[in-house]
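Student: I should like a close look at a single part of this model, namely the place where the two chains meet. Please describe that part in one connected account.

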Amino acid sequence: MSYPPLSLHMPRTMRGESVPPPNPHLRFAGAGEMRRPPVDSDPYDMHDLAYNLVRVLDDDGEAKGEWVPDLTAEQLRHGLRSMLKTRAYDRRMMRMQRQGQTSFYMQCTGEEAIACAFQMVMQKGDMNFPTYRQQGLLIAQGFPLTDMICQVLSNEKDHLKGRQLPVMYSAPEAGFFSISGNLGTQFVQAVGWAMASAMRGDTKIAAGWIGDGSTAESDFHAALVFASVYRPPVVLNIVNNQWAISSPQSVAGGENISFASRAHGFAIPSLRVDGNDYLAVYAAASWAAERARRNLGPTLIEWVTYRVAPHSTSDDPSKYRPKEEELNWPLGDPVERLKQHLIRKGEWSEERNVQLLAGIDAEINDAAREALKYGTLHEGPKASPATMFEDVYKDMPQHLREQRQQMGY
Amino acid sequence: MMSKPVLPRRTMIEAIREAMDVMMERDDKVVVFGQDVGFFGGVFRCTEGLQRKYGEARCFDTPISETGIVGVAVGMGAYGLRPVAEIQFADYVYPAYDQIVSEAARLRFRSAGDYTAPMVIRMPCGGGIFGAQTHSQSPEALFTHVAGLQTIIPSNPYDAKGLLISAIENDDPVIFLEPKRLYNGPFNGHYDQPVVPWSKHALSETPEGYYSVPIGKAAIRRKGSAVTVLAYGTMVHVAEAAVTETGIDAEVIDLRSLVPLDIETITASVAKTGRCVIVHEATRLSGFGTQLAAEVQERCFYQLEAPILRVTGWDTPYPHAHEWDYFPGPERVGRALMQVMEA
Ligand SMILES: Cc1ncc(C[n+]2csc(CCOP(=O)(O)OP(=O)(O)O)c2C)c(N)n1
């Protein structure tokens, strides 16, 4: 018997197509349609939640179903403020980069709800292990913008002394782990941190963050297996923004399966959630955090969203995806959706929104002005070059002292 | 005159185990884990009894994932624990290389001290046991090249315990290489002679309880005036044998710590002898010996009477059947010693 020649499958690239591609295995439930299982559910009883979508806000901005979180109007307004601030901050940093005040920047446009709402379930002492696209975790908790900008500018007041690429913040006081350029590494570190908390009988929880593209890294799998084995208090977040630079999520293995469902092979409960729905994010994050705090173990959450912005300031998405794709994205804009919800509840108005935006712009301008006083990447003061030899080790060894001397310090 | 107290004699395995025991006792933040280290006590018995004594939350088995082992150790270190992670064989550290190089080594620097990785990664290394390609490697150069790491390799039980205690107390990541051919006895490369147990060697005397050997200090194993031999791990014993067999009055330096390196001891010796032979088991190209040769050349050029020679493993993967053709034994080292004396 003879067989036809073999051929390799190349995932659909989605180029020129609208996202998400029609996939019979993955559904987008309407708002309020998905059940909210008890937090101590057996992962085997939750498989449906990994192939559908937890949504709270409907197209008219009404909150529906079992996942409607218990949030006050003030908390919702805080969410709106955080997201708007994150977006405005990103815009401003883009401008600084374009003006040559720094070398590089990464926006999270369209993904603001995920980090901003998630941060609201974290408590003092808990620890996030973010990627470079969770600036919302800092902004939602009111982290000083000036400090963030100084890092982006690598200036004299950059807490990281000009050592790190812009956006690779580190803020222990904000439960924000040092960001690494190496994708995926933080995911398994979050598991280790959570293991430590449990080993010490502590009450703190950890959250790991990873993008859809980076789930292909081996540390993603290592994180899941360690989380599965030891069941530490960790929430494992996959931000599926459909793209990894120019590669669609299908190239990461998402063509016919959800990322949430990866948890099933590890007996970890998982949720697939509308990442552009502030209420759904808050509700799912609370659910997972509650599981962690009650020692019920890890949860994997796939946040379905869309990377509206270019990957970074070095990227041009028009080279690999059509503009319409962003416009056709079915889950809309997280900011607009929450705003609409608040207006519908009678807790917000367009006028108040305009005022809020003006206030945010002023705040960011003030922060930027303040930060610029301490220099920019190419101009003005920065940390002494001698400081580059510090913190390699706790105590500077002889060879580094010699090299510092050779440099003239 | 007071008589010298009689100290217990230990094998390298016992000494290493005792270092972890001592530190787990002293500091409840010290945790030990890796493949088969918990219930079973490690494939080389280095962690035997620790789980029984300290419980599963302090000493436990992990999945077979080196990146997972080191990755969770980094997270634990950031939390405030002092993880001592074991990689079953140094040959299997590569899946963890990203976590070691990109994370553990750089965490303090990139976060300006916000977060640190006070961890030890223990791994049996080296050949001479018919371990072939994946149970014999000496990957130290892959670590000494990385800013932010300290790399240690003991050659005897006394140092193994004292250095491991120092490593665990150290606030930065330490790569702790354990020459497995030395686990049960000193080995000088004479594979055809009966195995000598540690109990016959002076450096198997190790004090009870806590003591430390400072990181970054070499030890002069044999004083001499004709040539300086720089060695570490198993090669210290090989070098000593070669010196005895050739009758050359060599000064044998056991580096113990590769980074940070004890430059003073090295340069003082070479300045005195004017000759230098470097010996390591690892392959030659870009091996740690290259660095040692460069340091000696830069710092002792005018005192040198002869070219610096290196005796190393060949630039091939570690073979099985040709173990003793590959392993830099006392004969090869002896030849280099004679060659450097003739120059
Ligand atoms: C280990 C590693 N490989 C490659 C890169 C280069 N790189 C930086 S970002 C990126 C895409 C990541 O995509 P994804 O995980 O989906 O996150 P997103 O940027 O969409 O938030 C790549 C390939 C890297 N930083 N680290």
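Tutor: In this predicted model, a convenient entry point is the salt bridge formed by the side chains of R299(B) and E402(A), with an N to O distance of 2.7 Å. The rule finds three salt bridges across the interface of chain B and chain A, and it also finds 24 residue pairs in polar contact there, with both residues at pLDDT 80 or more. On the side of chain B that touches chain A, at least two residues each come from β2 (59-61), α3 (66-79), α4 (97-104), α5 (107-110) and α9 (263-273). Of that side, α3(B) gives the largest share, 10 residues. By character, the residues of this side comprise 22 nonpolar, 12 polar and 13 charged.

As to extent, 43 residues of chain A and 47 residues of chain B take part in the contact. About 3600 Å² is buried between the two chains, and carbon and sulfur atoms contribute 59% of this area. Three residues, Y79(B), F109(B) and R110(B), account for 21% of the area that chain B buries against chain A, more than any other three residues.

The helix α9(B) merits separate attention. Its buried residues are I263(B), T265(B), I266(B), T267(B), S269(B), V270(B) and T273(B). These buried residues pack against α11 (398-406) of chain A, and also against β7 (219-222), β8 (227-231), β9 (250-254), β11 (276-283) and α10 (288-300) of chain B.

The backbone on either side of this helix can be followed as well. In the loop between β10 (257-259) and α9 of chain B lies P260(B), which is joined to V259(B) by a cis peptide bond with omega of about -5°. Just after α9(B), G274(B) adopts a positive phi of about 75°. Further along, the loop between β11 and α10 of chain B holds S286(B), which has a positive phi of about 60° although it is not a glycine. S286(B) counts as exposed because its relative accessibility is 63%, over the 50% cut-off. In general, most residues other than glycine have a negative phi, and most peptide bonds are trans.

A further positive phi, about 55°, occurs at A132(B), which is likewise not a glycine. A132(B) is placed in the loop between β4 (120-125) and α6 (140-144) of chain B. With 18% relative accessibility, A132(B) counts as buried, since the cut-off is under 20%.

Definitions and conventions: Residues are numbered from 1 along each chain as its sequence is written. Chains are lettered from A and ligands numbered from 1 in the order in which they are written. This is a predicted model: local features need pLDDT of at least 70, side-chain atom pairs count only at pLDDT 80 or more; totals for chains, interfaces and linings use all residues. Side-chain values use heavy atoms; hydrogens and water are left out. Contact means heavy atoms within 4.5 Å. Buried area is the accessible area (1.4 Å probe) that two parts lose on being put together, summed over both. A salt bridge is a side-chain nitrogen of Lys or Arg within 4 Å of a carboxyl oxygen of Asp or Glu. A polar contact is a pair of N or O atoms within 3.5 Å; within protein, one must be able to donate a hydrogen and the other to accept it, and residues adjacent in sequence count only if both atoms are side-chain atoms. Helices (H or I, at least four residues) and strands (E, at least two) are DSSP runs, numbered from the N terminus. Ala, Val, Leu, Ile, Met, Phe, Trp, Tyr, Cys and Pro count as nonpolar, Asp, Glu, Lys and Arg as charged, and the others, Gly among them, as polar. Buried means under 20% relative accessible area, exposed over 50%, partly exposed in between (1.4 Å probe, protein chains only).
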